Amino acid sequence: MARYDGHAEWYDRTFSALLNQEEVSFLREWLGPGRGHVCLDVACGTGRYGPILADAGYRAVGLDISADQLRFARPRHGAVVRADARFLPVHDASVAVVAGMFFHTDVEDFAGVVSEVARCLRPGGRFIYLGTHPCFVGPFVYRMTEREDLTLSFVTGYGDAGWADRGSGDGSMIGGRVGFHHKTLATFLGAFAAAGLTIRVAREFSAGGHAVLPWDLAVVTEKNR
């Protein structure tokens, strides 16, 4: 059973209204005009980014292994498909744009997923990924009181890539429900390089005012021609 099955209602209720508008603007900028082309939303979860892809003019196809999550994603995408992100039911070099949001801490083999995305991309195609910052969100940092006292508390563990045995320290409670797979920055960025994708743009984001360090990291990558 997919780890998010049984948690979809809680996840959608908790996170659907928490879209960071600075991140949304970034996505819209780099998605560009869709002109009716397909954009894959890999590991789409409850599909909270589906309307953004549609607004950009794409036919958004959401893919996720959790049937429970796809119940919520279905009305937010043009189509949804239940699939393991490591084995996408998509032809080689058939899509121009793939989007992925906030799933690298949910999968052990992130490099395998990125490699599979690269297989699906046309030469020159883009994979836009947005997720929590590997350096500043994880079981090694406590950020619960950051807004009040403008301090963070770090402990050892940043270099220990793998499933965490404690929460992510950001108060999201996701780790306690479905697990949290920490990746170092080198592991995270290396997944794109190993797949033959070139990073064209990288941008860090806070979660609003009073952030001491960035919360999220986005990259726009391109498949080598």
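In helix α1, which spans residues 8-15, the buried residues are Ala8, Trp10, Tyr11, Asp12 and Phe15. The structure described here is a predicted model, and the helices at its N-terminal end are taken up before the loops, the strand residue His181 and a pocket. Among the elements that cover the buried residues of α1 are α4 (67-73) and α7 (174-178).

**Helix α2 and its ends**

Helix α2 runs over residues 21-31, and its buried residues are Glu23, Val24, Phe26, Leu27 and Leu31. Because these residues cover an arc of only 160° around the axis, they lie on the same side of α2. This fits the general geometry of an α-helix, which has 3.6 residues a turn, so that residues three or four places apart point the same way. The buried residues of α2 pack against several strands, namely β1 (38-42), β4, β5 (121-132), β10 (197-205) and β11 (216-223), and also against the helix α3 (50-55).

Both ends of this helix can be described in local detail. At the start of α2, the backbone nitrogen of Glu22 has a side-chain oxygen of Asn20 within 2.8 Å, while just after α2 the residue Gly32 takes a positive phi of about 70°.

**Positive phi outside glycine**

Most residues other than glycine have a negative phi. Against that background, two loop residues deserve a closer look, and the table sets out their phi values, places and accessibilities.

| Residue | Phi | Place | Relative accessibility |
|---|---|---|---|
| Ala93 | about 50° | loop between β3 and β4 | 35%, partly exposed |
| Leu150 | near 55° | loop between α6 (146-149) and β7 (153-154) | 48%, partly exposed |

Ala93 has its positive phi although it is not a glycine, and Leu150 likewise combines a positive phi with a side chain other than that of glycine. Since partly exposed refers to values between the 20% and 50% limits, Ala93 falls into that class because its relative accessibility is 35%, and Leu150 does so because its relative accessible area is 48%.

**Two histidines**

The loop between β3 (79-82) and β4 (95-101) also holds His91, which counts as exposed because its relative accessibility is 66%. When residues up to four places away in sequence are not counted, His91 touches Arg119 and Cys120. From His91 to Leu189 the separation is 98 residues in sequence, and their C-alpha atoms are 25 Å apart in space.

His181 is placed in strand β9, made up of residues 181-182, and with a relative accessible area of 8% this histidine is buried. The side chain of His181 is joined to that of Lys183 by a polar contact of 3.0 Å. Leaving aside residues up to four places away in sequence, His181 touches His104, Thr105, Val107, Glu108, Gly162 and Trp163.

**The second largest pocket**

The second largest pocket has a volume of about 580 Å³. Its lining comprises 30 residues, of which Arg3, Ala43, Ile65, Asp106 and Val107 are the closest to its centre. Divided by class, the lining of this pocket contains 16 nonpolar, 5 polar and 9 charged residues. Val107 thus appears in two parts of this description, as one of the residues that His181 touches and as one of those closest to the centre of the second largest pocket.

Technical notes: Residues numbered from 1 in each chain as written. Predicted model: local features only at pLDDT ≥ 70, side-chain atom pairs only at ≥ 80, totals over all residues. Heavy atoms only, no water. 1 Å grid on protein atoms, 1.4 Å probe; cavity = no way out; pocket = protein on both sides within 12 Å on 5 of 7 lines; lining within 4 Å. Points joined across faces, edges and corners; volume = space filled by probe spheres on them. Nonpolar A, V, L, I, M, F, W, Y, C, P; charged D, E, K, R; others polar. Helix = DSSP H or I, 4+ residues; strand = E, 2+ residues; numbered from the N terminus. Buried < 20%, exposed > 50% of the residue type's maximum accessible area, 1.4 Å probe, protein only. Contact = heavy atoms within 4.5 Å. Arc of directions from axis to C-beta. Polar contact = N/O pair within 3.5 Å; in protein donor to acceptor, adjacent residues only side chain to side chain.
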